[in-house]
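Please look at the structure below before reading on. My notes on it are set out as numbered points.

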Amino acid sequence: MSLLSSTILVIKTHPVYASLVAILLYVFVKRSIGNRQRNPRRLPLPPGPKGYPLIGSLFDVPKEKPWITYNEWAKTYGDMIYFEVLGQRFLVLDTLERVQDLLEKRSANYSDRMRMPMILELMDWNYNMAMVPYGPWWRRHRRSFNEHFHASAVWKYQPTQAREVRAFLQRLLTTPDNFMHHIRHAFAATIMSVAYGIRVKDSDDPYITNAEEALKGLAEAGIPGTYMVDFIPLLKYIPSWFPGATFKTEAKRWNEINKQVYQKPFEYVENQMKKGAEVPCLASELIERLPGEGSFSWEEERQIAQNVSAVSYVAGADTTVSAVQCFFLAMAMYPDVQKKAQAEIDAVIGNERLPEFSDRDTLPYMNALVKESMRWQSIIPLAVGHMATEDDEYNGYFIPKGTVVLGNGWAILHDPTVFKNPLEYQPERYLTPEGELDPNVRDPETGQFGFGRRMCPGRHLADNSLYSIVSSTLAVYDITPPIDDSGKPVELKPEVTTGLLSYPVPFKCNIKPRSAAAEALIHASITVDS
Ligand code: HEM
């Protein structure tokens, strides 16, 4: 039987598949006609791989570390690369100039998000404003979030950050080999305390386990192309028993976990407050400001308060973890950098106390090291896609509405014309010959935290966290590569994982107190309420 006749047979006997084929064809034809009508000047689309009808560049799009491949493609197509996958349009911007022109100067048009029915409608990630479409609902979340995390608001979290860093130093002393886990725990504990005033358990804490499980689901489903339903939204209506519809069962499980993540801790704070207990945290501040329970806006405002509290965890915990893991890797690979940073701490602070937030301005090398830890391995290398709300024309090209624009943050922070030897970890690149921070060097904030109106609103908290953990760790610990069987240091390599978020591939290193005095300082630094 020929391919054509067997296809016809399948279509005849499986009406659902027939409908799918029909829908795909309808979408394809409608979009082609629409494009022509909306592009009267017949401007070309930006260059990029051509792909095939219907499926587009499905087979060209890299599954592994796409940011590197896009950067390679830029050598052929230029710094704007356009392609389609199953009807979804993508535009990758590979330089800061393009990102600024579109995502920043034209941010009114480039601040929407791709509709991903799997995540938003089936898995219930609607509470995460990072995924919410651009519009009044997103704006209300963003305003509320900013109020608690803008540059001059985050000082109020410093005591919590310092407390969790000290607990982290303690854990390193007891089980240094578990440092990857301790880093993750330190951030989970900090954010749960900031958001809900909850002190989590050292291990198997149900709040953390749920959130981590939910984030696993997001990492899997968050990559466009993983689930067909994102390209054919009507698929969300097929029943879960239907052959091939396992995504419905998976989505249901993640949906239930997600509800636990955003409802449970918030309800805990509400209940504590009803009992008259004080729970100083973000959620209680938001609850206190809610209108009366009988008022018409109460339900919506409560929803926003619940979402904003939860998003600080789901968007904030994992990201900073990756930056700190990169820092440990860098220290084990670059001993001279580590020694210089420690020498600065010893000279400025001495060795009888840990660095404080108030010391920060007196530690230029440490600040340079924090910046380099942010830049060296990108954490969200392609940020989160910004979708064009309307058709646009730029530089002689037509950019159709619905195009998902990806700013290649990795390329921006590894541009060899801006960062010499970009793959090397060199804090010196941010310093003047006199050893002061050089304001003319591109700040890794540009590229690492996304762009325009969607730029990460948690970046000030992240920056404080990173400074606190990095400076305190270096004050009391030496980080060195592991030793192999023949007694030689193992050569470490900066390997990272792929995905929306990128982490260093798990690695080992030796972590030892710098001296007996440093060990005593670690013990002494634990405060009474820790
Ligand atoms: C090193 C740590 C962090 C990195 C690298 C990072 C990076 C990013 C990036 C790339 C985006 C997408 C921006 C865009 O769409 O252009 C983003 C969004 C976001 N981040 Fe962060 N982030 C970090 C830490 C945090 C923290 C600690 C919080 C919360 C306390 C947070 C909260 C958010 C939120 C709420 C959004 C969604 C913004 C929106 O869509 O309007 N992030 N972040």
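The points below go from confidence to the ligand and then to the sheet.

1. Confidence. This is a predicted model. The mean pLDDT of the protein chain is 90. Of its residues, 92% reach 70 or more. For the complex, the predictor gives an ipTM of 0.99 and a pTM of 0.91.

2. The weak stretch. Residues 1-11 have a pLDDT below 50. Beyond near neighbours in sequence, this stretch has five contacts in the model. Please treat it separately from the rest.

3. The ligand shell. How many residues surround the ligand? There are 28. The closest are Arg113, Trp138, Arg142, His386 and Cys456. By class, the shell holds 17 nonpolar, eight polar and three charged residues.

4. Polar contacts to the ligand. Three side chains can be listed with their distances, each from an N or O atom of the side chain to an oxygen atom of the ligand:
   - His386, at 2.7 Å.
   - Arg113, at 2.8 Å.
   - Arg454, at 2.9 Å.

5. Helices at the ligand. Which helix gives the most to the shell around the ligand? Helix 12 does, with five residues. Helix 12 spans residues 298-333. Helix 6 (136-149) and helix 17 (459-476) each supply at least two residues as well.

6. The sheet. Four strands form an open sheet with mixed pairing. Their order is 1-2-6-3. Strand 1 (80-85) and strand 3 (386-387) stand at the edges. Each has a single partner strand, so one side of each is left without a neighbour in the sheet.

7. The short edge pairing. In general, strands of a sheet pair through backbone hydrogen bonds, either parallel or antiparallel. Strand 3 pairs with strand 6 (residues 404-407) in the antiparallel sense, over two bridges. Met387 has Val404 of strand 6 as its bridge partner. His386, listed above for its 2.7 Å distance to a ligand oxygen, belongs to strand 3 (386-387).

8. Helices across the sheet. Helix 3 (residues 66-77) lies across strand 1, strand 2 (88-93) and strand 6. Helix 3 runs at about 110 degrees to strand 1. Helix 4 (residues 96-104) lies across strand 1, strand 2, strand 3 and strand 6. Helix 4 runs at about 130 degrees to strand 2.

Note on methods: Residues numbered from 1 in each chain as written. Predicted model: local features only at pLDDT ≥ 70, side-chain atom pairs only at ≥ 80, totals over all residues. Heavy atoms only, no water. Near = heavy atom within 4 Å. Polar contact = N/O pair within 3.5 Å; in protein donor to acceptor, adjacent residues only side chain to side chain. Nonpolar A, V, L, I, M, F, W, Y, C, P; charged D, E, K, R; others polar. Pairing = 2+ DSSP bridges. Contact = heavy atoms within 4.5 Å. Axes fitted to C-alpha atoms, helices over the stretch in contact; angles between N-to-C directions. pLDDT = per-residue confidence, 0-100.
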